[in-house]
Amino acid sequence: MRTIKIIAAAAIVLASLVACNGQKTTGNVGDDSVNPKTLLPSKGQTDSVSYLIGIQFGSFIKGYNFGDDLNYAQIKKGMMDFINAKGNYRDSNFVKQFKINPEKMNDLFNAYIAKRMQYTQAVNKQKEAAYLAKSQKEAGMKVTASGLQYKVVEQGSAEKIGPEDTVFVHYKGTLTDGSTFDETQAKQPSARLVLSNVIKGWQEGIQLIGVGGKIKLVIPSKIGYGEQGSQGIEPNSTLLFDVTVDSVKHYTAPATPATPAVPGQGMAISPKR
């Protein structure tokens with residue numbers, strides 16, 4: 001699980017400020033005739049930098065999919081409390097100015113993330129159970145011992161596919177809400193996949209058809225991406241696939257080199273007479 005350190009927030013702000021400081025200033029600062037106020041950033045520059053710092057924080061918040069979960073009034077209060085804090089932040093007494101010790105950030109943040117994950121897992125598990133109960137009643141749908149649901153659209157040739165074979169396929173992967181998370185376009189070359197490297201639902205499903213076959217797969221999360229999910233796929237998500245097997249390259253075990261013969265080994269020794 002990722003952890004967050006207080007310094008990360010400061011680094012974001014610092015990066016934005018450094019970008020501004022790298023710009024050339026107008027006027028000659030060594031000239032006593034120059035009015036210092038003319039060297040200040042314009043309101044437009046200040047507004048632009050303020051907006052971009054907001055984008056940086058927004059990127060962090062969106063990266064964790066916090067959305068409306070956070071209390072933005074408290075975010076502002078925490079920012080202002082830090083800005084208005086007195087003394088050196090390296091001083092052990094510095095943190096006593098805040099209602100929550102910033103040094104507890106990692107523990108509190110990770111506990112918060114864990115609770116959100118548990119909630120998402122529980123909600124999605126209920127949704128999955130309801131969806132699978134309904135989809136297995138679809139005409140032509142079959143269910144294997146692992147829970148995989150499938151419907152053969154075209155059986156394909158008699159050429160069977162093995163668990164370690166490499167398949168060349170066109171496919172479309174969607175979630176139960178209809179959103180597409182991965183696909184190969186019809187005009188694109190086939191995707192090359194080694195069956196032993198893909199999720200268990202795929203490994204099992206593709207072996208149910210031959211080359212040229214088409215199959216619809218409904219993959220429960222337990223043989224998909226499980227309780228952790230994957231990038232863009234939430235925990236306990238059912239995966240739906242439409243797959244066409246274009247061709248297959250069968251696995252060939254590497255040749256085992258011959259073991260050199262050892263004199264006397266494996267030979268019958270005649271007893272002395």
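Okay, let me start with a term: a nonpolar core is a set of buried Ala, Val, Leu, Ile, Met, Phe, Trp, Tyr and Cys residues joined through side-chain atoms within 4.5 Å. Keep that in mind, and keep in mind too that what you see above is a predicted model.

So, which residues sit at the heart of the largest core here, touching the most other members? The core has 25 residues, and the ones with the most contacts to other members are V169, W202, I206, L217, I219, F241 and V243. As for where the core comes from, at least two residues each are supplied by strand 3 (166–174), helix 5 (200–206), strand 6 (214–219) and strand 7 (239–249). Strand 7 is the top contributor to this core, giving five residues. There's also another core that lies apart from it, made of five residues, including I61, Y64, F109 and I113.

Let me back up and give you the overall layout. The protein has 273 residues, and 26% of them count as buried. There are five helices and seven strands, and if you read along the sequence the order is α-α-α-α-β-β-β-β-β-α-β-β. Among contacts with a separation of 6 or more, 67% are between residues 24 or more positions apart. On the outside, about 19,200 Å² is exposed, and carbon and sulfur atoms supply 56% of that.

Now the strands, and I'd like to walk you through them from strand 3. How much of strand 3 is buried? Seven of its nine residues are, so this strand is mostly covered, going by the under-20% cut-off for relative accessible area. Strand 3 pairs with strand 7 through nine bridges, running antiparallel. Strand 3 also runs antiparallel to strand 5 (residues 191–194), joined by four bridges. F168 is a handy residue to click on here: its bridge partner in strand 5 is R192, and its bridge partner in strand 7 is S247.

T166 is another one in strand 3. Is T166 buried or exposed? Its relative accessibility is 9%, so T166 counts as buried. Leaving out residues up to four places away in sequence, T166 touches R192, L193 and V194, plus S247, V248 and K249.

Then there's strand 4 (residues 180–183), which pairs with strand 3 in the antiparallel sense over three bridges. One pair to look for is K172, whose bridge partner in strand 4 is E183. Strands 3 and 4 make a hairpin with five residues between them, and in that turn G178 has a positive phi of about 95°.

Moving over to strand 6. Strand 6 and strand 7 pair antiparallel over six bridges, and you can find K214 opposite T244 in strand 7. Strand 6 also pairs with strand 2 (residues 149–154), again in the antiparallel sense, over five bridges. There, Y150 stands opposite L217 of strand 6.

That brings us back to L217, one of those core residues touching the most other members. What does L217 touch, if you skip residues up to four places away in sequence? The list is L148, Q149, Y150, G201, G205, L239, L240, F241 and V243.

Next, two asparagines. N65 has a positive phi of about 55° although it isn't a glycine, and N236 likewise has a positive phi of about 55° without being a glycine. N65 is in the loop between helix 2 (43–63) and helix 3, while N236 is in the loop between strand 6 and strand 7. What about their exposure? N65 has a relative accessibility of 54%, so it counts as exposed. N236 has 5%, so N236 counts as buried.

Last stop, helix 3, which covers residues 72–84. It has 13 residues and reaches 18 Å from its first C-alpha to its last, close to the 18 Å expected at 1.5 Å a residue. At the start of helix 3, have a look at N71: one of its side-chain oxygens reaches to within 3.1 Å of the backbone nitrogen of A73. And when you're scanning down a helix, remember that an α-helix has 3.6 residues a turn, so residues three or four places apart point the same way.

That's my tour.

Note on methods: Residues are numbered from 1 along each chain as its sequence is written. This is a predicted model: local features need pLDDT of at least 70, side-chain atom pairs count only at pLDDT 80 or more; totals for chains, interfaces and linings use all residues. Side-chain values use heavy atoms; hydrogens and water are left out. Buried means under 20% relative accessible area, exposed over 50%, partly exposed in between (1.4 Å probe, protein chains only). Contact means heavy atoms within 4.5 Å. The expected span of a helix is 1.5 Å times one less than its number of residues. A polar contact is a pair of N or O atoms within 3.5 Å; within protein, one must be able to donate a hydrogen and the other to accept it, and residues adjacent in sequence count only if both atoms are side-chain atoms. Accessible areas come from the Shrake-Rupley method with a 1.4 Å probe; for residues, only the protein chains shown count as cover. Two strands pair if DSSP finds at least two bridges between them.
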